[in-house]
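Open your viewer, load the model and keep the selection box handy. We will go from the whole chain down to single side chains, one stop at a time.

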Amino acid sequence: MHNQDPNPQALTQKQSRLIGKVLSPAVGLWLRSQVEQVQHLQVKIEGGDRQILSGCIPGVSITAKGAVYQGLHLGEIQLTGTGIRINIGQVIKGKPLRLLEPIPVAGELKLPEADLNASLQAPLLANALIEFLLPLLQTNDLAPQPARYRLQNSQMTLDNGQLTLRAQLVSPAGNPTPFVLRSGLQLASSHELQFVRTHLQTSQALPTANLDGFIIDLGPEVDIQELTLSPGLLTCRGRLMVIPLEEG
């Protein structure tokens, strides 16, 4: 008697191809929607059909080059996410992909000097630097307001264990204060960056006691395991907990 049941292996392979065709572009489209631009994006989805159809992706590997997020130029990124729960039923119907739970993401960031300099124009990085510089440069304002200041002609160079920033801090009145900042950068904790061995050159006489120890807190969702400064390149390796955005 002829067996009418389809070959299970062939059915599984067919199903896998179907899911991959539906899901991979959806994941890529969602990632592109999270960044302002990206030159190259590659997504590889891992896991069995039954797991994926239940709404859980066991693993996703992502490689991106030239991504820009909130004005930050991120160079080359390799990320791996695990245990990702998504709205698979809606995705299959053509709806946008949504994360249903926070996901742990491990990865490595390689940030060339050119991308770091482009990122100096981003308010996120520029404002952090201004908050660091204002107390040191001792402006004439009785109550300096960081938001009213801006950086001009910024240029950063990277060397072994050290960064050098040349720029002008422009006051609300338009008065520029040229400076050269040289500093090491190390981990104060898994989510905190600390300036060390810091030297600031300006036309003003500055108390050196205030220069070391400034900390940038990246938040509890960040877990940095390694941070390296080398000539022309910043390398960072660690983990990040991605929190789904609330639907408006």
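A contact here means heavy atoms within 4.5 Å. With that in mind, start with the whole chain of this predicted model. Among the contacts in the protein chain with a separation of 6 or more, 49% join residues 24 or more positions apart.

**Stop 1: the whole chain**

Switch to a cartoon view, and you can count five helices and 13 strands. The protein chain has 248 residues, and 35% of them are buried. Now turn on the surface: the accessible area comes to about 14700 Å², with carbon and sulfur atoms holding 52% of it.

**Stop 2: the largest nonpolar core**

Next, select Leu133, Leu165, Leu169 and Phe179. In the largest nonpolar core, which has 30 residues, these four touch the most other members. Which elements give two or more residues to this core? Colour helix 5 (123–137), strand 7 (150–159), strand 8 (162–170), strand 9, strand 10 (192–201), strand 12 (222–230) and strand 13 (233–242) to see them. Helix 5 is the top contributor, with seven residues.

Leaving aside residues up to four places away in sequence, leucine 133 touches Leu151, Leu169, Phe179 and Leu200. Before moving on, look for a second, separate core: it has 21 residues, including Ile52, Ile57, Ile84 and Val91.

**Stop 3: along helix 5**

Come back to helix 5 and pick isoleucine 130, which is located there. Is isoleucine 130 buried or exposed? Its relative accessibility is 2%, so isoleucine 130 counts as buried. Now draw a distance between the C-alpha atoms of isoleucine 130 and leucine 151: they are separated by 7.4 Å, although the two residues are 21 apart along the chain.

**Stop 4: an aromatic pair**

How many aromatic pairs does a search of the whole structure find? There is one. Select phenylalanine 132 and phenylalanine 195 to see it: the ring centres are 4.8 Å apart and the planes lie at 5 degrees, so the pair is stacked. Because phenylalanine 132 sits in helix 5 and phenylalanine 195 in strand 10, the pair ties together parts that are 63 residues apart in sequence. Both rings belong to buried residues: phenylalanine 132 has a relative accessible area of 4%, and phenylalanine 195 has a relative accessibility of 5%.

**Stop 5: serine 183**

Move to strand 9 (residues 176–189) and select serine 183. With a relative accessible area of 0%, serine 183 is buried. Show the side chains around this residue: the serine 183 side chain makes a polar contact with the side chain of threonine 198, at 2.9 Å. If you skip residues up to four places away in sequence, serine 183 touches Gly161, Gln162, Leu163, Phe195, Val196, Arg197 and Thr198. Phe195 in that list is the phenylalanine of the stacked pair you have just visited.

**Stop 6: the cysteines**

For the last stop, select cysteine 56 and cysteine 236. How many disulfides does a search of the whole structure find? The search finds zero. As for their surroundings, cysteine 56 counts as partly exposed at 27% relative accessibility, whereas cysteine 236 is buried, with a relative accessible area of 17%. The cut-off helps here: buried means under 20% relative accessible area, so 17% falls within it.

Terms used
Residues are numbered from 1 along each chain as its sequence is written. This is a predicted model: local features need pLDDT of at least 70, side-chain atom pairs count only at pLDDT 80 or more; totals for chains, interfaces and linings use all residues. Side-chain values use heavy atoms; hydrogens and water are left out. Helices (H or I, at least four residues) and strands (E, at least two) are DSSP runs, numbered from the N terminus. Buried means under 20% relative accessible area, exposed over 50%, partly exposed in between (1.4 Å probe, protein chains only). Accessible areas come from the Shrake-Rupley method with a 1.4 Å probe; for residues, only the protein chains shown count as cover. A disulfide is a pair of cysteine sulfur atoms within 2.5 Å. A polar contact is a pair of N or O atoms within 3.5 Å; within protein, one must be able to donate a hydrogen and the other to accept it, and residues adjacent in sequence count only if both atoms are side-chain atoms. A nonpolar core is a set of buried Ala, Val, Leu, Ile, Met, Phe, Trp, Tyr and Cys residues joined through side-chain atoms within 4.5 Å. Rings of Phe, Tyr and Trp (its six-membered ring) pair if their centres lie within 6.5 Å; planes under 30 degrees apart count as stacked, over 60 as edge-to-face and the rest as tilted.
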